[in-house]
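Okay, everyone, thanks for coming. Let me put the structure up so we can walk through it together.

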Amino acid sequence: MRLSVNGRPHELPEGTALTGLLETVAPDPRGVAVALNGSVVRAAEWPATPLRDGDLVEVVTAHQGG
Amino acid sequence: MLEVAGVRLAPLWLGTGGLTSLETVRRVVEAARPGLVTVSVRRTSDTGTGSLLATLRGLDVRVLPNTAGCLGAQEAVLTAELAREALDTEWVKLEVIGDELSLLPDVVELVEAAETLVARGFTVLPYTTGDPVVARRLVEVGCAAVMPLGSPIGSGRGIADPHTIEAVRAAVDVPVVLDAGIGTASEAAHAMELGCDAVLVATAVTRAEDPVAMARAMSLAVEAGQLARRAGRIPRRETARASSPMRGRVGR
């Protein structure tokens with residue numbers, strides 16, 4: 001299946017959960033938050049959140065800023 | 001002492017954008033001893049993860065996420081919710097920008113976003129214009145402080161119109177934090193003399209030739225301005241007023 005992760009196309013096997021994606025995108029999950037199709041998914045829910053073709057995923061963390 | 005939503009804070013707040021290394025972040029924070037440090041929330045693909053937060057946690061400084069660069073209420077609300085999840089804080093510096101050239105706030109979207117976030121349990125500190133009417137609206141929807149700009153973000157032009165800051169100060173009973181426009185220490189002192197409870201500086205420190213020295217200067221300036229405000233400045237006069245006695249002058 002084909003998703004958008006942080007604005008870029010991303011290929012994943014069918015049936016991958018959010019945790020599966022995050023293992024590659026954010027290996028250190030401390031200080032990381034995730035939005036799936038515009039809604040925040042709390043860390044406790046990542047393993048039970050399946051991803052689907054066409055999903056929009058945002059993975060963010062703190063960055064230097066004003 | 002300054003208190004926001006029941007939390008006591010030192011009156012200098014620090015932005016971290018533009019510092020060249022985490023070691024400089026550490027040295028600047030140690031020099032400034034800020035009440036809190038702001039961070040932005042960005043895609044991991046553009047930042048890497050972990051290290052900035054680890055540095056700040058190691059310094060035992062309060063971290064305030066912002067919604068910098070958000071162009072509408074919906075985007076700002078989602079960014080704030082991501083920040084709450086990532087940083088485990090209900091506090092947010094709410095920025096809703098209406099124009100990418102001036103970076104001035106879109107106050108209509110700002111008030112809407114503030115109301116939504118307060119209803120969802122956030123402590124909202126909005127970056128706003130020097131407008132007492134908007135400031136009052138922000139307080140009415142439940143903001144814990146208001147953060148008027150002195151001049152545009154990163155411009156270093158100081159407080160363009162001191163009357164706007166005084167007007168905001170007079171309009172609200174929550175803390176007023178001067179945010180944006182400070183270029184050097186005297187301008188931070190000026191903000192405090194005008195009645196602000198705190199000053200947020202970012203570019204003025206992070207892009208100074210010597211950020212660590214400027215951080216220390218800002219800390220001293222904020223303290224000086226606060227003392228001067230409490231001490232009470234003399235009124236401005238049209239004419240001179242001699243400070244030495246006029247009587248007893250030689251030859252008169």
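So, which residues line the second largest pocket? Keep in mind as we look that this is a predicted model. From chain A we have A:E58 and A:V60. From chain B there are B:V41, B:R42, B:R43, B:A68, B:G69, B:C70, B:E75, B:L78, B:T79 and B:L82. The volume of this pocket comes out at about 310 Å³. If you sort its lining by class, you get six nonpolar, two polar and four charged residues.

Now, where do those residues sit? Strand β5 of chain A, and β4 and α3 (73-87) of chain B, each bring at least two of them. The top contributor is α3(B), which gives four residues.

Let's stay with strand β4 of chain B for a bit, residues 36-43. Is it buried or exposed? Six of its eight residues are buried, so the strand is largely enclosed by the rest of the structure. By buried I mean under 20% relative accessible area.

And what does β4(B) pair with? Let me start inside chain B. Strand β3(B), residues 12-15, runs parallel to β4(B), with three bridges between them. One pair to look for there is B:L14 with B:V37. Those two strands also belong to a right-handed β-α-β unit, together with helix α1 of chain B, residues 22-32. Then there's β5(B), residues 63-65, which pairs with β4(B) in the parallel sense too, again over three bridges. Here, B:V39 is opposite B:P65.

Now over to the other chain. Strand β5 of chain A, residues 56-64, pairs with β4(B) as well, but in the antiparallel sense and over five bridges. If you want to find that on the screen, look for A:T61, whose bridge partner is B:R42. And B:R42 is a residue we've met already, in the lining of the second largest pocket.

Okay, last stop: the largest pocket. Its volume is about 470 Å³, and 32 residues line it. The ones nearest its centre are A:G65, A:G66, B:I153, B:A202 and B:T203. Two or more lining residues come from each of β5 of chain A and, in chain B, β4, β10 (198-201) and α8 (203-206). The largest share is from α8(B), with three residues. By class, this lining has 12 nonpolar, 14 polar and six charged residues.

So if you take one thing away, make it β4(B): that strand gives residues to the lining of the largest pocket and of the second largest one.

Technical notes. Residues numbered from 1 in each chain as written. Chains lettered and ligands numbered in written order. Predicted model: local features only at pLDDT ≥ 70, side-chain atom pairs only at ≥ 80, totals over all residues. Heavy atoms only, no water. Buried < 20%, exposed > 50% of the residue type's maximum accessible area, 1.4 Å probe, protein only. Pairing = 2+ DSSP bridges. Right-handed = clockwise from strand over helix to strand, strands pointing away. 1 Å grid on protein atoms, 1.4 Å probe; cavity = no way out; pocket = protein on both sides within 12 Å on 5 of 7 lines; lining within 4 Å. Points joined across faces, edges and corners; volume = space filled by probe spheres on them. Nonpolar A, V, L, I, M, F, W, Y, C, P; charged D, E, K, R; others polar.
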